Amino acid sequence: MGKGGGCVVSKNKISKSSNSAKKSINVPSPIKNLKIFIVFYSMYGHVASLAKRMKKGVDSVDGVEGVLYRVPETLSEDVLVRMQAPPKDDSIPEISSPSELVNADGFLFGFPTRFGCMAAQMKALFDSTGLLWKEQRLAGKPAGFFVSTGSQGGGQETTAWTAITQLAHHGMLFVPIGYTFGAGMFDMDSVRGGSPYGAGVFAGNGSKEATETELALAEHQGKYMAGVVKNLVHG
């Protein structure tokens, strides 16, 4: 007892309580950005324009980053010249190996149609993922599609639909946009690409550029996909 009748706290008790308090303090680890790989093939630039706008949508979601990759060309330079294909955008890197895909938390694959199916250049990438399939490295990862066609009946839906088989064999999760774009999905005042399967652009004879509505749908898909991936990872 002290003079004032109060109790004197033991020094041993102070040190024990302070030590236990120190042990209970957890320093949070830095949150790493989730990555959505936007992997595309574009011959005349139409799919590339959607991909770039899609990245803007992905990047607008906090904690998620869109990463652009080009699929390697399989046609010879001579053939590309005869097809009057413009040079590729070298500021966007090619995906050098299928093993790079395992670093993504989600995917958006873009490609033009070839008779209602994905272009051979994109198919070549999927064909090279045999080891990833064997080891189930892509299983459970969400993915979506965006496309370009030359005409309104050229395969805006079937091109995405037939591509789903690639995801199914890997055990990946197909994420369509449905009608989440709202009124823009029902707009009949202008010709536009896109469907419930994903964003799309009408290329015409190759000279037509993407409309603002088509680009806005691509941006929406990027933002929507980023939200889905974020919810899947963090709950």
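Here are five short exercises on a predicted model, each with a worked solution.

**Exercise 1. The overall layout**

Work out how many helices and strands the protein chain has, and in what order they run.

*Solution.* Start with the count: the protein chain holds seven helices and seven strands. Next, follow the chain from the N terminus, and the elements read α-β-α-β-α-β-β-α-α-β-α-β-β-α. Then turn to burial: 40% of the 235 residues of the protein chain count as buried. Finish with the contacts at a separation of 6 or more, where residues 24 or more positions apart account for 75%.

**Exercise 2. Two helices that cross**

Find the angle at which helix α2 and helix α7 cross, and classify the crossing.

*Solution.* First, locate the helices: α2 covers residues 46–59 and α7 covers residues 212–234. Their axes come within 7 Å and cross at roughly 45 degrees. Now classify that angle. Angles under 35 degrees count as roughly parallel, and 65 to 115 as roughly perpendicular, so α2 is oblique to α7. As for handedness, α2 passes α7 in a right-handed crossing.

Next, list who makes the contact. From α2 come Ser49, Leu50, Arg53, Met54, Lys56, Gly57 and Val58. On the α7 side the residues include Glu212, Glu214, Leu215, Ala216 and Ala218, and also Glu219, Gln221, Gly222, Lys223 and Ala226. Sorted by class, this contact of α2 with α7 has seven nonpolar, four polar and six charged residues.

One more stop in α2 is worth your time: Ala48 lies in this helix. With a relative accessibility of 15%, Ala48 counts as buried, because the cut-off for buried is under 20%. Beyond its neighbours within four places in sequence, Ala48 is in contact with Phe40 and Ser42. You can also check a distance here: Ala48 and Arg70 sit 22 residues apart in sequence, and their C-alpha atoms are 8.7 Å apart in space.

**Exercise 3. Aromatic rings**

Determine how Phe107 and Phe109 are arranged as an aromatic pair.

*Solution.* You need two quantities, since a pair of aromatic rings is described by the distance of the centres and the angle of the planes. For Phe107 and Phe109, the centres are 5.2 Å apart and the planes differ by 15 degrees. Planes under 30 degrees apart count as stacked, so the pair of Phe107 and Phe109 is stacked. Both Phe107 and Phe109 are buried.

Then widen the view. The structure holds nine aromatic pairs. Ring pairs join Phe37, Tyr69, Phe107, Phe109, Phe111, Phe126, Phe145, Phe174 and Tyr197 into a cluster.

**Exercise 4. The end of helix α6**

Decide whether His170 is buried or exposed, and identify its contacts.

*Solution.* Begin with position: His170 belongs to helix α6, residues 158–170. The relative accessibility of His170 is 7%, so this residue counts as buried. Setting aside neighbours within four places in sequence, His170 is in contact with Thr129, Leu132, Trp133, Gln136, Leu138 and Ala139. Lys134 makes a good distance check: His170 and Lys134 are 36 residues apart in sequence, with 8.8 Å from C-alpha to C-alpha.

Now take the helix as a whole. The buried residues of α6 are Thr159, Ala160, Ala163, Gln166, Leu167 and His170. Among the elements that cover these buried residues are β3, β4 (117–118), α4 (120–127), α5, β5 and β6 (173–174). Just after α6, Gly171 has a positive phi of about 75 degrees.

**Exercise 5. Positive phi outside glycine**

Compare the settings of Gln84 and Gln136: in which loop is each, and is each exposed or partly exposed?

*Solution.* Take Gln84 first. Its phi is near 60 degrees, a positive value in a residue other than glycine. Gln84 is placed in the loop between α3 (77–82) and β3 (106–114). At 68% relative accessibility, Gln84 counts as exposed.

Now do the same for Gln136. Phi of Gln136 is near 55 degrees, again positive in a residue other than glycine. The loop that holds Gln136 runs between α5 (130–135) and β5 (142–149). Gln136 has 42% relative accessibility, so Gln136 counts as partly exposed. To link back to the previous exercise, Gln136 is one of the residues in contact with His170.

Conventions:
Residues numbered from 1 in each chain as written. Predicted model: local features only at pLDDT ≥ 70, side-chain atom pairs only at ≥ 80, totals over all residues. Heavy atoms only, no water. Axes fitted to C-alpha atoms, helices over the stretch in contact; angles between N-to-C directions. Helix = DSSP H or I, 4+ residues; strand = E, 2+ residues; numbered from the N terminus. Parallel < 35°, antiparallel > 145°, perpendicular 65-115°, else oblique. Left-handed = near helix turned anticlockwise from the far one by under 90°. Contact = heavy atoms within 4.5 Å. Nonpolar A, V, L, I, M, F, W, Y, C, P; charged D, E, K, R; others polar. Phe/Tyr/Trp six-rings, centres within 6.5 Å; stacked < 30°, edge-to-face > 60°. Buried < 20%, exposed > 50% of the residue type's maximum accessible area, 1.4 Å probe, protein only.
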